[in-house]
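Here are my notes on the model you passed along, set out as numbered points. Please read them with the coordinates open beside you.

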Amino acid sequence: MSIANVKLRITFDFDLEVPGPLLALDHEPLLKALQAALGPTVMQGMPTVSAKQLGKSDISLLHHHAHIDASKLGGKAIPRELLVSAAPHLTDSELDTLNRSMVGKTPDSDDETRRLLRRKALTMVSDMRMVECLVSAELTSGGIIELAAGLNLTNGAVIVDEKDRKQRLKPNQATLRVRAARADVSLPATLSGQTISGPVIGVDVSELGAHRDALIAAWQSGH
């Protein structure tokens, strides 16, 4: 069997004017529509013609892979910091997908855009993305304790490990901190009550966004 010893990549950029209904499609449906429009004449014809031309120089085409992508032009660019502040739980590639799907569809207000991006991001990924952490807190008895827990990057919820859930924490304390050791990040948190599942602790999404790169890297290292 022949073994490939050269990889050839040929790239063309096409600037298109597409009708309104196509332009209104999200990224993935738009790609499927464009691929259907190109049809087998292009998608299969290019490798066939290339193989014949290369064969004239005694070069064999062993494998081929087609990749199609498109980005809408002229839309309002979404700053990366706005994407991150709305969706700190998304990976880089997921943020890119969110960006492509929302270009040209965001309101003028940053606050409204952030809320819209967050809703869209949660439809993309809403499962728990947990990072191990320690919660430094004050007990009702006055002592300081560290609780083993997990920080959910999707919504900022802190889930205390079962062995520490019976600890009674002082309400309305201002010194509550969540330390994600693997990310070398310390975050302020709030205590909003105590249930049979343990203390109800949360980190604001804006704090997650401020440390997103380190936190998402810590999550990815465990997956």
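1. I begin with contact order in this predicted model: when contacts are restricted to residues at least 6 apart in sequence, 60% of those in the chain join residues at least 24 apart.

2. On overall dimensions, the radius of gyration of the chain is 25 Å, whereas a compact globule of 223 residues would have a value near 17 Å. The C-alpha trace spans about 85 × 50 × 25 Å along its principal axes.

3. As to secondary structure, the chain holds eight helices and seven strands.

4. The largest nonpolar core comprises 28 residues, of which Val135, Leu151, Val158 and Ile201 touch the most other members. At least two residues of this core come from each of strand 1 (130-138), strand 2 (144-152), strand 3 (157-160), strand 4 (177-180), strand 5 (185-188) and helix 8 (212-221). A second core, separate from that one, has 13 residues, including Ala87, Leu90, Leu98 and Leu117.

5. Leu151 deserves its own entry: with neighbours within four places in sequence left aside, its contacts include Met130, Val131 and Cys133, as well as Val158, Leu187, Val203, Leu208 and Leu215. Arg129, Gly156 and Ala157 are also in contact with Leu151.

6. Turning to burial and surface, 33% of the 223 residues of the chain count as buried, and the chain exposes about 14400 Å², of which carbon and sulfur atoms supply 53%.

7. Finally, on charge, the chain carries 25 positive and 26 negative side chains, and the centres of these two sets lie 4 Å apart.

Methods:
Residues are numbered from 1 along each chain as its sequence is written. This is a predicted model: local features need pLDDT of at least 70, side-chain atom pairs count only at pLDDT 80 or more; totals for chains, interfaces and linings use all residues. Side-chain values use heavy atoms; hydrogens and water are left out. Helices (H or I, at least four residues) and strands (E, at least two) are DSSP runs, numbered from the N terminus. The radius of gyration is taken over C-alpha atoms; the globule rule is 2.2 Å times the number of residues to the power 0.38. Buried means under 20% relative accessible area, exposed over 50%, partly exposed in between (1.4 Å probe, protein chains only). Contact means heavy atoms within 4.5 Å. Accessible areas come from the Shrake-Rupley method with a 1.4 Å probe; for residues, only the protein chains shown count as cover. Lys and Arg count as positive and Asp and Glu as negative; His and the chain ends are not counted. The place of a charge is taken as NZ of Lys, CZ of Arg, CG of Asp or CD of Glu. A nonpolar core is a set of buried Ala, Val, Leu, Ile, Met, Phe, Trp, Tyr and Cys residues joined through side-chain atoms within 4.5 Å.
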